[in-house]
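Q: I have a structure open on my screen and would like to go through it with you piece by piece. Please start with any backbone oddities.

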Amino acid sequence: MRIGLLGGSFDPAHAGHAHITREAMRRFGLDRVWWLVSPGNPLKPRGPAPMGQRLAEARRVMRDPRVVISDLEARLGTRYTAQTLKRLTALYPGVQFVWLMGADNLIQFDRWDHWRAIFGQVRVGVLARPGARMAMRSARAARIFEAARLPAGRARALPAAPMPAWCFVQIPMSDMSSSEIRARGIWTG
Ligand SMILES: Nc1ncnc2c1ncn2[C@@H]1O[C@H](COP(=O)(O)OP(=O)(O)OP(=O)(O)O)[C@@H](O)[C@H]1O
Ligand SMILES: O=C(O)c1ccc[n+]([C@@H]2O[C@H](COP(=O)([O-])O)[C@@H](O)[C@H]2O)c1
């Protein structure tokens, strides 16, 4: 089983999340994607809307039998990704997990707790996002793990590639963002 993990604040979920999920399944040949609706991003000072409301909106936005919307981190009592992955990989040793994220997250990946260890826990699939393309090239994590990068043409090999392995794929881009939705005042959480 090849499972993509899309961690996020989902405050709120939007069509951009659904879009990158479908693209990730296609490009990386994933069987399932689990959306991990975060109890709260450790790097974001402002707490998100209540979990129940974010889960409900995520389930409204993403209706695909291959996608599971989950509050797993709240249940496991983990907030840092490295911690979550430690638990998940121990619980499901036979699963090939791919951590999914937009290119904006790769730029600040080197600020995540135990970020180097994450490359030893899962493969990492990075999806293009408007505004993040140039900066991504100079991302510290990308530079340090340059040798572990799979060319986009080999994206389907990512779930079974020896770790560390990561892959950046160009996709038709969506300019949707939760912060823009919040700024418009149409999401009160
Ligand atoms: N339009 C998009 N294109 C590519 N990746 C995206 C897009 N929207 C969200 N993502 C990715 O989805 C994951 C979860 O994102 P998140 O829930 O923080 O939404 P967001 O729109 O980035 O929120 P905010 O604007 O508050 O930062 C992150 O890895 C993020 O990079
Ligand atoms: O583990 C960390 O230090 C860490 C720091 C920043 C973000 N994350 C995770 O990255 C994912 C995306 O977060 P966000 O808020 O950009 O949607 C989400 O699963 C967060 O828990 C994790």
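A: One of them is at Pro164, which lies in the loop between β6 and β7; helices (H or I, at least four residues) and strands (E, at least two) are DSSP runs, numbered from the N terminus. The peptide bond from Met163 to Pro164 is cis, with omega near 0°. Please keep in mind that this is a predicted model, in which local features need pLDDT of at least 70 and side-chain atom pairs count only at pLDDT 80 or more, while totals for chains, interfaces and linings use all residues. Residues are numbered from 1 along each chain as its sequence is written, and chains are lettered from A and ligands numbered from 1 in the order in which they are written.

Q: OK, and which peptide bond is cis with omega near 5°?

A: That is the bond from Asp11 to Pro12, and Pro12 belongs to the loop between β1 and α1. Phe10 has its place in that loop between β1 and α1 too, and its phi is near 45°, a positive value in a residue other than glycine. For background, most residues other than glycine have a negative phi, and most peptide bonds are trans.

Q: Phe10, then: buried or exposed?

A: Phe10 counts as buried because 25 other C-beta atoms lie within 10 Å. The cut-offs are 20 or more other C-beta atoms within 10 Å of a residue's own for buried and 12 or fewer for exposed, with partly exposed in between, and the C-beta atoms are placed from the backbone.

Q: Where else is phi positive, near 50°?

A: His114 has a phi near 50°, again in a residue other than glycine, and it sits in the loop between α5 and α6. With 14 other C-beta atoms within 10 Å, His114 is partly exposed. Arg111 is found in the loop between α5 (103–107) and α6 (115–121) as well, but it counts as exposed, having 11 C-beta neighbours inside 10 Å. Arg111 and Ala141 are 30 residues apart in sequence, yet their C-alpha atoms are 9.3 Å apart in space.

Q: Switching to the sheet: what's the strand order?

A: The seven strands form an open sheet in the order β3-β2-β1-β4-β5-β7-β6, with parallel pairing; two strands pair if DSSP finds at least two bridges between them. Its edge strands, β3 (67–70) and β6 (149–150), each pair on one side only.

Q: How many bridges join β1 to β2?

A: Six bridges join β1 (residues 2–8) to β2, and the two strands run parallel, with Leu5 standing opposite Trp34 in β2. On the other pairing, β2 and β3 run parallel over four bridges, and the bridge partner of Trp34 in β3 is Val68. Further along the sheet, β5 (residues 123–127) pairs with β7 (residues 166–169) over four bridges, also in the parallel sense, and there Val124 has Trp166 as its bridge partner.

Q: What links β1 to β2?

A: Helix α1 (residues 15–28) does, and together the three make a right-handed β-α-β unit. The chain then crosses from β2 through α2 to β3, and this β-α-β crossover is right-handed too; the term applies if, with the strands pointing away from the viewer, the path from the first strand over the helix to the second runs clockwise.

Q: And how does α2 sit on the sheet?

A: Helix α2 (residues 51–61) lies across β2 (32–37) and β3, running at about 150° to β2. Axes here are lines fitted to C-alpha atoms, for helices over the stretch in contact, and angles run from 0 to 180 degrees between N-to-C directions. The buried residues of α2 are Arg54, Glu57 and Ala58; they cover an arc of only 105° around the axis, so they are on the same side of α2, the arc being that of the directions from the helix axis to the C-beta atoms. These buried residues pack against β2 and β3, where residues are in contact if their C-beta atoms, placed from the backbone, lie within 7 Å. The face turned away from the buried side carries the exposed residues Gly52 and Arg60.

Q: Which residues of α4 are buried?

A: In α4 (residues 81–91) they are Thr81, Thr84, Leu85 and Leu88, and they cover an arc of only 95° around the axis, which puts them on the same side of α4. They pack against β1, β2, α3 (72–76), β4 (96–102) and α6.

Conventions
Contact = placed C-beta atoms within 7 Å.
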